[in-house]
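User: Could you walk me through this model before I look at it in detail?
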Amino acid sequence: VMILFGPPGAGKGSQAPKIVDVLGIPQLSTGDMLRAAVAAGTDVGKQAQGVMASGGLVSDELVVSIIRERITELDCRGGFILDGFPRTVEQAKMLDEMLQASGDAVTLVLALEVPDEVLTERICGRWVHKASGRSYHVSFARPKSLQDGQAPSAETMLDDETSEPLMQRADDTEEALKTRLSAYHEQTVPILAHYEPSGAVKRVDANKAPAEVWAAIESSLPTAVAK
């Protein structure tokens, strides 16, 4: 059982599918599992739907129940990758207890590490074309419309194919990112300390070219295959 860790902008989204390919085990995102459980109308799905419909936050117990239900499916027999959970030490302990009941345990916590200032540049430079999902970056993948010396704005950031204005996601602004990063450091980083004694934690410097990051990830993986 593997947990994929990293702050927003660390590159989890682009590296996760490769890990899935190499290990042949599914990547489970709590958001996707919640939506699937609601759509399938399972007991936990119905409970979650009730909470979400009233605008409440789904409890840790409910999320763990949804994970417990999902991992009984055949594709999880050889293990699975958790993404976006646990986010707190409390959740990690609940996850450990739940896994212990079926004789499983977290065997690899892969932590992608990137300095905050690099994440700020990566994330706050992102602009997207809403209709197609095409993504651009003021430094690394500029649209043709942005000329040297111009400040990025809805007038200068246009989609290459449609020339429609690009937009920045609300949580990609510097203020929103500060909040997300401080929550990550306060709540999520202690989880690494929780798993450190078992030797499960592998840290990867993700402030490198994607190919180098992947090489480092790949060299951390073999222990997970044995599960």
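Analyst: A word on terms to begin with: helices and strands here are DSSP runs, with at least four residues for a helix and at least two for a strand, numbered from the N terminus. In those terms Pro-86 belongs to the loop between strand E3 (81-83) and H5, and please keep in mind that this is a predicted model.

User: What is the peptide bond from Phe-85 to Pro-86 like, cis or trans?
Analyst: That bond is cis, with omega near 0 degrees. For context, most peptide bonds are trans.

User: And which residues does Thr-30 touch?
Analyst: Leaving aside residues up to four places away in sequence, Thr-30 touches Val-63, Ile-67, Asp-83, Gly-84 and Phe-85, the last of which is also the residue that begins the cis bond to Pro-86. Thr-30 itself sits in helix H2, which covers residues 30-40.

User: Why does Thr-30 count as buried?
Analyst: Its relative accessibility is 15%, and the cut-off for buried is under 20%, so Thr-30 falls in that class.

User: Switching to helices, how do the axes of H5 and H7 cross?
Analyst: The axes of helix H5 (residues 89-101) and helix H7 (residues 174-195) come within 8 Å and cross at roughly 40 degrees. H5 is therefore oblique to H7.

User: Which residues meet there?
Analyst: From H5 the contacts involve Val-89, Ala-92, Lys-93, Leu-95 and Asp-96, and on the H7 side they involve Gln-187, Pro-190, Ile-191, His-194 and Tyr-195.

User: What about the phi of Ser-163, positive or negative?
Analyst: Ser-163 has a positive phi of about 60 degrees, although it is not a glycine. Most residues other than glycine have a negative phi. Ser-163 lies in the loop between strand E6 (135-137) and H7, and with a relative accessibility of 49% it counts as partly exposed.

User: Zooming out, how many helices and strands does the protein chain have?
Analyst: The protein chain has 9 helices and 7 strands, and its C-alpha trace spans about 60 × 45 × 30 Å along the principal axes. Of the 227 residues, 40% are buried, while among contacts between residues at least 6 apart in sequence, 67% join residues at least 24 apart.

User: And what of the surface and the charges?
Analyst: The exposed area of the protein chain is about 12000 Å², with carbon and sulfur atoms supplying 53% of it. As for the charges, there are 22 positive and 32 negative ones, and their mean positions are 3 Å apart.

Key. Residues numbered from 1 in each chain as written. Predicted model: local features only at pLDDT ≥ 70, side-chain atom pairs only at ≥ 80, totals over all residues. Heavy atoms only, no water. Buried < 20%, exposed > 50% of the residue type's maximum accessible area, 1.4 Å probe, protein only. Contact = heavy atoms within 4.5 Å. Areas by Shrake-Rupley, 256 points an atom, 1.4 Å probe, with all protein chains shown as cover. Lys, Arg positive; Asp, Glu negative; His and termini not counted. Charge placed at Lys NZ, Arg CZ, Asp CG, Glu CD. Axes fitted to C-alpha atoms, helices over the stretch in contact; angles between N-to-C directions. Parallel < 35°, antiparallel > 145°, perpendicular 65-115°, else oblique.
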